[in-house]
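Good morning, and thank you for coming. Please look at the sequence and the structure as they appear, and follow along as I speak.

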Amino acid sequence: MTDTATNSVIETLTTARDWVRWGASELQRAQRCSGHGFATALDECAFLVRHLLGLPQTSADQWLCATLLPEERREIYEALRERVVDARPTAYIAGEAWFAGLPFAVDERVLIPRSPLAELIQADFHPWLTAPPARILDLCCGSGCIGIAAALAFPDAELVLADLSADALAVAAENVELHGLEDRCRLVESDLFSALSGERFDLILTNPPYVPREEVDVLPAEFEHEPRMGLESGEDGLLHPALIVDQSRRHLTEHGALIGEVGAWWPELEARFPQVPFTWVHLEHGGEGVFFVPADALPRV
């Protein structure tokens with residue numbers, strides 16, 4: 001877009017509503033993917049514009065009628081241009097994503113939170129857990145959003161966040177501090193369970209890499225901004241999930257449970273472990289491949 005055209009857009013679009021509408025139209029024209037935590041392009045643009053204006057994401061919609069200052073319009077234009085032209089996800093532009101009704105700091109060191117495990121957390125894992133867990137492990141934790149949200153749901157629980165990526169753990173540490181969990185959370189750099197020898201948990205939560213290598217190569221351009229190691233799991237997508245299912249029992253208490261996500265590759269995981277009675281959770285808010293397995297039903301190793 002030329003400088004003249006840019007200035008025309010900035011001068012013509014005066015209200016917040018104008019910018020949300022225009023941004024959504026541009027995203028649609030560019031065929032950008034809004035799958036990183038947003039249902040529609042309108043939702044995504046409303047989030048970004050609200051963030052750039054310094055307004056709470058929970059604010060009522062009256063702000064959409066506000067007339068924006070020229071410098072606000074230019075900042076929004078530049079952010080939307082980055083989203084449309086570079087396909088950089090909104091969460092990275094804002095440095096923030098919401099998960100289970102909570103804000104989390106994010107950047108390109110971690111996947112953007114969007115797991116359907118949020119639905120289970122917000123329901124306190126009912127009916128899957130019969131008692132509040134005393135120790136929770138978030139394995140392959142990334143930003144830490146799953147474990148942190150679970151720890152906030154169970155305020156007496158001790159939390160361990162484990163990930164192979166030191167960069168991801170640095171982001172997770174920011175989120176631990178953001179939510180005031182420093183006193184009951186430990187961060188561990190670990191290749192799956194390798195640094196957790198002898199430790200047992202009442203609940204293991206995991207959203208591991210589970211996308212086959214060839215599938216990662218054809219994902220929308222937005223996914224190229226995310227760390228590939230958080231997505232790719234070998235040729236068939238089961239490298240990490242299979243190891244987790246195989247090794248979790250030794251790290252669970254007698255009445256503990258493994259709850260995880262493998263997305264569309266749930267039939268393949270079930271076929272890999274025909275002896276494991278996976279319960280595949282029905283999700284009211286969309287998504288698939290979330291499973292529950294009690295400790296005594298997992299493989300003995």
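Which residues does S143 touch, not counting residues up to four places away in sequence? They are A105, V106, V110, P113, I148, V171, A172 and N175. Before I continue, please note that this is a predicted model.

Let us stay with S143 for a moment. This residue lies in the loop between β3, residues 135-139, and α7, residues 145-153. Is S143 buried or exposed? Its relative accessible area is 3%, and because buried means under 20%, S143 counts as buried. The side chain of S143 also reaches the backbone nitrogen of C145, at 3.4 Å.

From that loop we may step back to the strand β3 and its partner. β3 and β4 pair in the parallel sense over 5 bridges. Within this pairing, L137 stands opposite V160 in β4. Strand β4 covers residues 158-163, and 5 of its 6 residues are buried, so the strand is mostly covered.

These two strands belong to a sheet. How many strands form it, and in what order? There are 7 strands in an open sheet, and the order is β5-β4-β3-β6-β7-β9-β8, with mixed pairing. The edge strands are β5, at 185-189, and β8, at 279-280, and each of them pairs on one side only.

I now turn to β7, which spans residues 252-261. On one side, strand β6, residues 201-206, pairs with β7 in the parallel sense over 5 bridges. Here F201 stands opposite L252 in β7. β7 also pairs with β9, in the antiparallel sense, again over 5 bridges. In that pairing, the bridge partner of I259 is F292 in β9. As for its surroundings, β7 is mostly covered, with 7 of its 10 residues buried.

The strand β7 leads us to a pocket. The second largest pocket has a volume of about 260 Å³. Of the 17 residues that line this pocket, the closest to its centre are L129, T130, H255, G256 and A257. Which element gives the most to the lining? That element is β7, with 5 residues. β7 and β9, the latter at residues 290-294, each supply at least two residues of the lining. By character, the lining of the second largest pocket divides into 10 nonpolar, 4 polar and 3 charged residues.

Just ahead of this strand in the sequence is a residue that deserves a brief comment. R250 has its place in the loop between α10 and β7. Its relative accessibility is 44%. Since partly exposed is the class between 20% and 50%, R250 counts as partly exposed. Leaving aside neighbours within four places in sequence, R250 is in contact with E199, R200 and V301. To give a sense of distance, the C-alpha atoms of R250 and C65 are separated by 57 Å, and these two residues are 185 residues apart along the chain.

My last topic is an enclosed space and one residue of its lining. How many cavities of 30 Å³ or more does the structure hold? It holds 1. The largest cavity has a volume of about 30 Å³. Its lining is made up of C33, S34, G35, H36, F38, E44, R83, P89, T90, A91 and E222. Those residues divide into 4 nonpolar, 4 polar and 3 charged.

Let us look at E222 in particular. Where is it placed? E222 is in the loop between α9, residues 213-217, and α10, residues 239-247. With a relative accessible area of 1%, E222 is buried, because this value is under the 20% limit. The side chain of E222 reaches the backbone nitrogen of C33 at 3.0 Å. Setting aside neighbours within four places in sequence, E222 is in contact with R32, C33, H36, R83, A87 and P89. Among these, C33, H36, R83 and P89 also line the largest cavity.

To close, I would ask you to keep two residues in mind. S143 is buried in the loop that follows β3, whereas R250, in the loop between α10 and β7, is partly exposed. Thank you for your attention.

Conventions:
Residues are numbered from 1 along each chain as its sequence is written. This is a predicted model: local features need pLDDT of at least 70, side-chain atom pairs count only at pLDDT 80 or more; totals for chains, interfaces and linings use all residues. Side-chain values use heavy atoms; hydrogens and water are left out. Helices (H or I, at least four residues) and strands (E, at least two) are DSSP runs, numbered from the N terminus. Buried means under 20% relative accessible area, exposed over 50%, partly exposed in between (1.4 Å probe, protein chains only). A polar contact is a pair of N or O atoms within 3.5 Å; within protein, one must be able to donate a hydrogen and the other to accept it, and residues adjacent in sequence count only if both atoms are side-chain atoms. Contact means heavy atoms within 4.5 Å. On a 1 Å grid over the protein atoms alone, a cavity is a set of points where a 1.4 Å probe fits but cannot get out, and a pocket is an open set with protein on both sides within 12 Å along at least five of seven lines; lining residues have an atom within 4 Å of a point. Grid points are joined across faces, edges and corners, and a volume is the space filled by probe spheres set on the points. Ala, Val, Leu, Ile, Met, Phe, Trp, Tyr, Cys and Pro count as nonpolar, Asp, Glu, Lys and Arg as charged, and the others, Gly among them, as polar. Two strands pair if DSSP finds at least two bridges between them.
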